[in-house]
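Please consider the following chain with its sequence and coordinates side by side. The account below proceeds from strand pairing to a helix, a pocket and a loop.

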Amino acid sequence: MAFDFKKEYKELYMPKDKPGIVTVPSMHYVAARGSGDPNQEDGEYRQSIGLLYGISFTIKMSRKGEHRIEGYFDYVVPPLEGFWWQSERKAADAMLRSDRSGRRESVAGIDYAHKENFHWISVMRLPDFVTEDDFSWAVNEATKKKKLDFSRAELLTVEEGLCVQCMHIGSYDDEPATVKRMHEFMEQQGYELDLTDKRLHHEIYLSDARKVAPEKRKTVIRHPIKIKGS
């Protein structure tokens with residue numbers, strides 16, 4: 001049976017819809033960087049997703065070809081994820097949204113009203129057996145077979161460490177309410193936000209936005225934290 005990261009690491013991929021504290025270990029990803037509105041048709045963000053799936057499935061299906069990866073085991077390709085920031089806003093600036101009466105609610109994070117200012121690193125987790133050489137092979141193989149340029153894809157290692165996270169159910173635009181609960185919880189537990197240029201707002205997409213209604217989408221939201229005053 002194929003190894004499923006979501007099932008084996010439920011605390012990281014299937015948290016409750018209540019905030020919790022977690023320590024996230026080092027992980028390998030296939031990654032693609034870019035900027036701009038992620039909802040733009042045929043935009044840079046959507047193109048990056050194609051790169052991630054192309055590399056991920058090339059590695060997964062390598063067992064059927066001549067390239068042999070040491071330590072390989074069959075696995076379910078993990079879900080799409082993303083690290084997000086807005087360079088013109090400091091990490092502690094407000095994430096803003098308007099309620100139905102037009103009032104602005106503010107919590108720490110990013111500004112969803114200006115998606116054109118987003119910067120992102122789109123990622124998909126890779127098994128630890130993938131080496132630099134294996135990754136280079138996958139880039140070349142995907143380029144050859146799909147006749148597309150996969151040179152933007154990179155092998156990225158991230159160790160998030162101490163974080164607060166929560167399952168968000170609903171539209172991406174409604175995330176600020178969940179983030180606010182996360183931040184209130186971490187403060188009650190003696191932590192403070194630690195968003196920096198290295199530790200970023202992180203989302204894991206458990207629902208296919210093309211098939212699941214906005215109000216039913218499941219997204220893991222994760223923010224880096226530290227002990228208050230440290």
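**Strand pairing and overall plan**

Strands E1 and E6 pair in the antiparallel sense over 11 bridges. The model in which this pairing appears is predicted. Within this pair, Gly20 stands opposite Gln165 in E6. Strand E6 also pairs with strand E9, which covers residues 218–227, again in the antiparallel sense and over seven bridges. Here His168 has Thr219 of E9 as its bridge partner. In a regular strand, side chains alternate between the two faces of the sheet.

These strands belong to a chain with five helices and nine strands. Read from the N terminus, the order of elements is α-α-β-α-β-β-β-β-α-β-α-β-β-β. The chain comprises 230 residues, of which 46% count as buried. Among contacts between residues at least 6 apart in sequence, 76% join residues at least 24 apart.

Helix H4 may be examined next. Helix H4 spans residues 132–146, and its 15 residues should cover 21 Å at 1.5 Å a residue; because the end C-alpha atoms are 21 Å apart, the expected and modelled spans agree. The expected value rests on 1.5 Å times one less than the number of residues. Several residues of H4 are buried, namely Asp134, Phe135, Trp137, Ala138, Val139, Glu141 and Ala142. The buried residues of H4 pack against strand E1 (20–35), helix H3, strand E5 (119–126) and strand E6 (154–169). Strands E1 and E6, which pair with each other, are thus among the elements that the buried residues of H4 pack against. Just after H4, Lys147 takes a positive phi of about 55°.

Attention now turns to empty space in the model. Rolling a probe the size of a water molecule over the atoms shows where such space is left. The largest pocket has a volume of about 840 Å³. Its lining consists of 27 residues, and the closest to the pocket centre are Tyr45, Ile49, Leu80, Tyr172 and Ala209. Which elements each supply at least two residues of this lining? They are helix H3 (44–60), strand E2 (80–85) and strand E8 (201–205). The largest share, four residues, comes from H3. By class, the lining has 15 nonpolar, three polar and nine charged residues.

Helix H3 also holds Lys60. Is Lys60 buried or exposed? With a relative accessible area of 14%, Lys60 is buried, because the cut-off for burial is under 20%. Leaving out residues up to four places away in sequence, Lys60 touches Tyr72, Asp74, Tyr75 and Val77.

One of these contacts, Tyr72, lies in the loop between H3 and E2. Tyr72 has a relative accessible area of 21% and is therefore partly exposed. Apart from neighbours within four places in sequence, Tyr72 is in contact with Ile59, Lys60, Ser62, Arg63 and Phe129. The C-alpha atoms of Tyr72 and Ser62, 10 residues apart in sequence, are 9.1 Å apart in space.

Glu70 is found in the loop between H3 and E2 as well. At 74% relative accessibility, Glu70 counts as exposed, because exposure is set at over 50%. The C-alpha atom of Glu70 is separated by 8.4 Å from that of Val130, a residue 60 places away along the chain.

Notes:
Residues are numbered from 1 along each chain as its sequence is written. This is a predicted model: local features need pLDDT of at least 70, side-chain atom pairs count only at pLDDT 80 or more; totals for chains, interfaces and linings use all residues. Side-chain values use heavy atoms; hydrogens and water are left out. On a 1 Å grid over the protein atoms alone, a cavity is a set of points where a 1.4 Å probe fits but cannot get out, and a pocket is an open set with protein on both sides within 12 Å along at least five of seven lines; lining residues have an atom within 4 Å of a point. Grid points are joined across faces, edges and corners, and a volume is the space filled by probe spheres set on the points. Ala, Val, Leu, Ile, Met, Phe, Trp, Tyr, Cys and Pro count as nonpolar, Asp, Glu, Lys and Arg as charged, and the others, Gly among them, as polar. Buried means under 20% relative accessible area, exposed over 50%, partly exposed in between (1.4 Å probe, protein chains only). Contact means heavy atoms within 4.5 Å. Two strands pair if DSSP finds at least two bridges between them.
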